[in-house]
Amino acid sequence: MIIAIHQPNYIPWLGYFRKICRSQTFVFYDNVQMPMGKSYVKRCQAKSPNGPQWLTVPTPQGGTPGSICQTPTLAGPWVRKHIGSLRNWYAKSSWLDPVCAIIEEESEKNYSSVGALNGGIIMRLATFIGVTDVRFLFASEMAHGIFGAASILPILAEEGATTYLTGSGAGTMRHLDSDAFAKANIEIQFLDTSFAAYDQRHGEFSEGLSVIDAILNIGPDDTRDLIS
């Protein structure tokens, strides 16, 4: 059983979807503290004629934040602005209407948290590119009842993981106790997140953009091939 765990980011990049594609179960890690300031939980990058631009979901700023599953999105015209930007930057893309529809439809469901909204969009986009054999879970809804970084091993144990699929960034490595994983008989498998360049509008190729940049440039099938 290969399980990956990741914060529910807003319309995340190709590496996030590669992690989904190579998992049997993918857990949205929404039972950890909502990051303060600029975070991929509430923003992503797409490409305008002037280069990469941020699309940001507004969330409460004051005080100490709770967990991601407790953090709401703020009301306002942000969905309309995001859709308007995408329609401007990716005009005439054959896949523009269905991608915009996914974002609009999920935003209209009035999810209780930014994590739930992001999870809804991610699951819809995964299906759209043909990744349909992954089981999705939210950490906040699991039985272990442990919040924060200490919940990784309980999540894996609850789902009977034999392999933990993860990145190798500094944040991940800081909390990765290899001895504890060995004791639990769980193999750690590191994900390769290097990608070939694809045909991309608006000048020179830019890395690290939201998955929708690939979808709107090369389509869902070629995006799935690039990820897998």
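Five strands form an open sheet in this predicted model, and their order across the sheet is β5-β2-β1-β6-β7, with parallel pairing. The two edges belong to β5 and to β7 (residues 187-190), each of which pairs on one side only. Going across the sheet, neighbouring strands are turned by 25° against each other on average, with direction ignored. As a bit of background, strands of a sheet pair through backbone hydrogen bonds, and they can do that in a parallel or an antiparallel way.

A good place to start looking is the pairing of β1 with β2. These two strands run in the parallel sense and are joined over 4 bridges. Ala4 has Phe26 of β2 as its bridge partner, and Ile5 stands opposite Val27, again in β2. What about the side chains of β2, and which way do they point? Thr25 and Val27 go one way, while Phe26 and Phe28 go the other way. In a regular strand, side chains alternate between the two faces of the sheet. All four of these β2 residues are buried. On top of this part of the sheet comes a helix: α4 lies across β2 and β5, and α4 runs at about 175° to β5.

At the β7 edge of the sheet, Gln189 is a handy residue to pick out, as it is found in strand β7 itself. Gln189 is partly exposed, because its relative accessible area of 31% falls between the 20% and 50% cut-offs. Leaving aside neighbours within four places in sequence, Gln189 is in contact with Thr163, Tyr164, Leu165 and Thr166. Gln189 also shows how the fold brings together parts of the chain: Ala4 is 185 residues away in sequence, yet the two C-alpha atoms are 9.7 Å apart in space.

Next comes helix α1, which spans residues 14-21 and is mostly covered, with 7 of its 8 residues buried. Which residues of α1 are the buried ones? They are Leu14, Gly15, Tyr16, Phe17, Arg18, Lys19 and Ile20, so the list takes in Arg18 and Lys19, two residues that count as charged. The cover over these buried residues comes from strands and helices alike: it includes the strands β1 (2-6), β2 (25-28), β5 (135-138) and β6 (163-166), along with the helices α4 (114-128) and α8 (211-227).

The loop leading from β1 to α1 holds a couple of residues worth a look. Asn9 has its place there, and Ile11 is found in that loop too. Is Asn9 buried or exposed? At 8% relative accessibility, Asn9 counts as buried, because that is under the 20% cut-off. Apart from residues up to four places away in sequence, Asn9 touches Tyr16, Tyr40, Val41, Asn118 and Ile122; Tyr16 is one of the buried residues of α1. Ile11 is buried as well, at 1% relative accessibility. The backbone of Ile11 has a positive phi of about 40°, although Ile11 is not a glycine.

His202 is another such case, with a positive phi of about 65° although it is not a glycine. His202 sits in the loop between β7 and α8 and is partly exposed, with a relative accessible area of 26%.

The loop between β2 and β3 (43-48) contains Gly37, and Ser39 is found in that loop too. Gly37 is partly exposed, with a relative accessible area of 39%, whereas Ser39 is buried at 8%. Where do these residues stand with respect to other parts of the chain? Ser39 and Thr56 are 17 residues apart in sequence, and their C-alpha atoms are 9.3 Å apart in space. Gly37 and Asp213 are 176 residues apart along the chain, and 24 Å separates their C-alpha atoms.

Finally, there is some empty space to consider. Rolling a probe the size of a water molecule over the atoms shows where such space is left. The second largest pocket holds about 160 Å³ of it. Its lining is made up of Thr73, Leu74, Ala75, Gly76, Trp78, Val79, Ser107, Asn110, Tyr111, Ser113 and Leu117. How many of the lining residues are nonpolar, polar or charged? The lining has 6 nonpolar and 5 polar residues, and no charged ones.

Terms used: Residues numbered from 1 in each chain as written. Predicted model: local features only at pLDDT ≥ 70, side-chain atom pairs only at ≥ 80, totals over all residues. Heavy atoms only, no water. Buried < 20%, exposed > 50% of the residue type's maximum accessible area, 1.4 Å probe, protein only. Contact = heavy atoms within 4.5 Å. 1 Å grid on protein atoms, 1.4 Å probe; cavity = no way out; pocket = protein on both sides within 12 Å on 5 of 7 lines; lining within 4 Å. Points joined across faces, edges and corners; volume = space filled by probe spheres on them. Pairing = 2+ DSSP bridges. Axes fitted to C-alpha atoms, helices over the stretch in contact; angles between N-to-C directions.
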